[in-house]
Amino acid sequence: MAKSAAAKSAAPKRNVIPLRRRRSPISTGEIIDRSLALEIVRVTERAAVAAARLRGRGDERAADQAAVDAMRRELDRLPIHGEIVIGEGDRDSAAMLFIGEEVGDLNGPRLDIALDPLEGVTLCAKGQANAISVIAIAERGTLLKAPDVYMSKIAIGPDYAPDTVHLDAAPEDNIRRLAAAKGVSVQEITACILDRPRHARLIDAVRGAGASIRLISDGDISAVIDVANPDKTGVDIYLGSGGAPEGVLAAAALKCIGGHMQARLMLDTADARRAAAALGIRDADRIYGIEDMARGDVLFAATGVTEGSLLQGVRFGPRSISTETVVMRSSTLTCRRIFAEHRKTEKFHLD
């Protein structure tokens, strides 16, 4: 993940040896159908609560590490043989949840796992909106193994033709084409863009076309998801560059709820090209669609850490902890919201 330097300072490495149990006779499909969607909700809930205990305290590293620890513990309880394809970094830079790490009880179906225990570490540390805990699960070999580099992205909702916008078109052309497809004036279009110096020209072009812009400091997974429901979120299009791992997670979500997305890895440095080549990626010009980043049946879950447009944040009460989670599945195009109240006892504090 593209995190700050403080958040990347990992704790000392630990050897985590998962328990190996008798192989389950249940098939992959039956596990996904019966329980896995709800099982992964507990994974993001625990990570979100752990991070929320440290929100607003200014310590990015501590909040991120708390989420990582909680997510790793819960993942090993799942009846799966999972391999992390989007995680906290490579084996040398991450103590846990590194790319290639195997998680679960190792006796269930073989699955790809993309995750971000705390998307928006800075948002959480500052107590700002839209920090979430995220995971996506799919069959082995179906999620793009994206290097931790920048990715150019464009995304719109499901109510338009896929060719309404294009990654290589001028921003003002995309804005005009989207407005025409929506049947509104350009002035009624709102674009979401990360507030970064590299986006100065993009911002000028969008405003020059007459559209408004919602600038965000972090949290582009939530921002991409927002385009799927513009009537509620007020966001019609996402434009700009952000982390490639976040791009894969966003594509997994849109695969479940609908929408269109195009992306290209930004392999403009020697380090970026080496990172991509290590994962078998050599075509710097390739445009990835949703199906290129998340194929087959995908499960996606996200739990709010701080209040946001997608989810409410964790709320601590005197006797319970409240969470909101969205869980989606691509094969059934279902999206469920789970409002959970976790009762506190002497033995259970959701730590």
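**Exercise 1. The open sheet**

Task: Set out the order of the six strands in the open sheet and find which strands lie at the edges.

Solution. In this predicted model, the open sheet has six strands in the order β7-β6-β8-β5-β9-β10. The pairing in this sheet is mixed. The edge strands are β7 (212-216) and β10 (288-289), each of which pairs on one side only.

**Exercise 2. The neighbours of β5**

Task: Describe how strand β5 pairs with β8 and with β9, and state how far β5 is covered.

Solution. Step 1: β5 covers residues 150-156 and pairs with β8 (residues 237-243) in the antiparallel sense, over seven bridges. Within this pairing, Tyr-150 stands opposite Gly-243 of β8.

Step 2: The pairing of β5 with β9 (residues 260-265) is also antiparallel, and runs over six bridges. Here Ala-155 has Met-261 of β9 as its bridge partner.

Step 3: Five of the seven residues of β5 are buried, so the strand is mostly covered.

**Exercise 3. A helix on the sheet**

Task: Locate helix α6 relative to the strands and give its angle to β7.

Solution. Helix α6 spans residues 200-209 and lies across β6 (190-194), β7 and β8. Its direction is at about 150 degrees to β7.

**Exercise 4. Cysteines**

Task: How many disulfides does the model hold, and why does Cys-335 not form one?

Solution. Step 1: The count of disulfides is zero.

Step 2: For Cys-335, the closest cysteine sulfur is that of Cys-256, at 8.5 Å. The cut-off for a disulfide is 2.5 Å, so the sulfur of Cys-256 is too far for a bond.

Step 3: Cys-335 is partly exposed, at 41% relative accessibility. Cys-192 is buried, with a relative accessible area of 1%.

**Exercise 5. Salt bridges and their surroundings**

Task: Take the pairs Arg-72 and Asp-76, Arg-176 and Asp-173, and Arg-337 and Glu-324; for each, give the N to O distance and say whether the partners are buried or partly exposed.

Solution. Step 1: The structure holds 20 salt bridges.

Step 2: Arg-72 and Asp-76 meet at 2.2 Å, N to O. Arg-72 is buried at 2% relative accessibility, and Asp-76 is buried at 17%.

Step 3: In the bridge between Arg-176 and Asp-173, the closest N and O atoms are 3.4 Å apart. These two residues lie in helix α5 (residues 171-182), three residues apart, about one turn of the helix. Arg-176 is partly exposed at 44%, and Asp-173 is partly exposed at 36%.

Step 4: The side chains of Arg-337 and Glu-324 meet at 2.9 Å, N to O. Arg-337 belongs to strand β14 (residues 334-343) and Glu-324 to strand β13 (residues 320-329), so the pair ties together parts that are 13 residues apart in sequence. Arg-337 is partly exposed at 35%, whereas Glu-324 is buried at 7%.

Step 5: Glu-83, Asp-112, Arg-140 and Lys-145 are joined into one network by salt bridges that share partners.

**Exercise 6. The protein as a whole**

Task: Give the secondary structure count, the buried share of residues, and the share of contacts that join residues at least 24 apart.

Solution. Step 1: The protein has eleven helices and 14 strands.

Step 2: Of its 351 residues, 56% are buried. One of the buried residues is Asp-64, at 3% relative accessibility, found in helix α3 (residues 60-75).

Step 3: Among contacts between residues at least 6 apart in sequence, 71% join residues at least 24 apart.

Notes:
Residues are numbered from 1 along each chain as its sequence is written. This is a predicted model: local features need pLDDT of at least 70, side-chain atom pairs count only at pLDDT 80 or more; totals for chains, interfaces and linings use all residues. Side-chain values use heavy atoms; hydrogens and water are left out. Two strands pair if DSSP finds at least two bridges between them. Helices (H or I, at least four residues) and strands (E, at least two) are DSSP runs, numbered from the N terminus. Contact means heavy atoms within 4.5 Å. Axes are lines fitted to C-alpha atoms, for helices over the stretch in contact, and angles run from 0 to 180 degrees between N-to-C directions. Buried means under 20% relative accessible area, exposed over 50%, partly exposed in between (1.4 Å probe, protein chains only). A salt bridge is a side-chain nitrogen of Lys or Arg within 4 Å of a carboxyl oxygen of Asp or Glu.
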